[in-house]
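I opened the file to look up the fold, then the sheet, then the pockets. My entries follow in that order.

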Amino acid sequence: MARWLATRSEVVRVLHPALETDPGHAIWKRDFSGASGLFSIVLKPKPQAAVDALLDNLKLFGMGYSWGGFESLAIPFDCTDYRSATKWAPEGPAVRLHIGLENVDDLKADLERGFAAFNAA
């Protein structure tokens, strides 16, 4: 899913250290033997209404946080005000995703529906 999302025109950046393009990939590769489905994406700059439309049109992704449940979840976030180790300055709105156990093609179709609403907003 992370690789597929990296190909989407709506996504500016996928924040997942298991991806070879991630700045933290070398450290991840050194210290880990696998990855989870918990990661984030930064979307191209659009008004909040577009992000809301994306999330409102998802049917398989619930809204919420996860630390490893079975269901796919999505939630927007902005940690600008409380991030202290480094400055958070994404190119656009960010969404945290947890990829659950649903069929990958079904999840892609769900996100495509959300992205269509995001683009139309």
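**Fold.** I counted the secondary structure elements and found 4 helices and 5 strands in the chain. This is a predicted model, so I kept that in mind for every entry. Read along the sequence, the elements follow the pattern α-β-α-β-α-β-β-β-α. I then looked up the radius of gyration, which is 14 Å. The globule rule gives 14 Å for 121 residues, so the chain is as compact as a globular protein of that length. For the extents along the principal axes, I noted that the C-alpha atoms fill a box of roughly 40 × 35 × 25 Å.

**Sheet.** In what order do the strands lie in the sheet? I read the order as β1-β2-β5-β4-β3, in an open sheet of 5 strands with mixed pairing. The edge strands are β1 (11-15) and β3 (62-63), each of which pairs on one side only.

I went through the pairings from one edge. β1 is joined to β2 (residues 38-43) by 4 bridges, and these two strands run antiparallel. For a register point I took Leu 15, which stands opposite Ser 40 in β2.

At the other edge, 2 bridges join β3 to β4, and here the strands run parallel. Gly 62 stands opposite Leu 73 in β4. I also checked β4 against β5: they run antiparallel, joined by 5 bridges. Pro 76 stands opposite Val 95 in β5.

**Helix on the sheet.** Which strands does helix α3 lie across? I found that α3 (residues 48-56) lies across β2, β3, β4 (73-77) and β5 (94-98). I noted its angle to β4 as about 170 degrees.

**Pocket.** I looked up the largest pocket last and recorded a volume of about 200 Å³. Which residues line the largest pocket? I listed Met 1, Ala 2, Arg 3, His 16, Ala 18, Leu 19, Ser 36, Gly 37, Phe 39 and Ile 99. By class, I have 6 nonpolar, 3 polar and 1 charged residues in this lining. One of the lining residues, Phe 39, falls within the residue range 38-43 of β2.

Methods: Residues are numbered from 1 along each chain as its sequence is written. This is a predicted model: local features need pLDDT of at least 70, side-chain atom pairs count only at pLDDT 80 or more; totals for chains, interfaces and linings use all residues. Side-chain values use heavy atoms; hydrogens and water are left out. On a 1 Å grid over the protein atoms alone, a cavity is a set of points where a 1.4 Å probe fits but cannot get out, and a pocket is an open set with protein on both sides within 12 Å along at least five of seven lines; lining residues have an atom within 4 Å of a point. Grid points are joined across faces, edges and corners, and a volume is the space filled by probe spheres set on the points. Ala, Val, Leu, Ile, Met, Phe, Trp, Tyr, Cys and Pro count as nonpolar, Asp, Glu, Lys and Arg as charged, and the others, Gly among them, as polar. Two strands pair if DSSP finds at least two bridges between them. Contact means heavy atoms within 4.5 Å. Axes are lines fitted to C-alpha atoms, for helices over the stretch in contact, and angles run from 0 to 180 degrees between N-to-C directions. The radius of gyration is taken over C-alpha atoms; the globule rule is 2.2 Å times the number of residues to the power 0.38.
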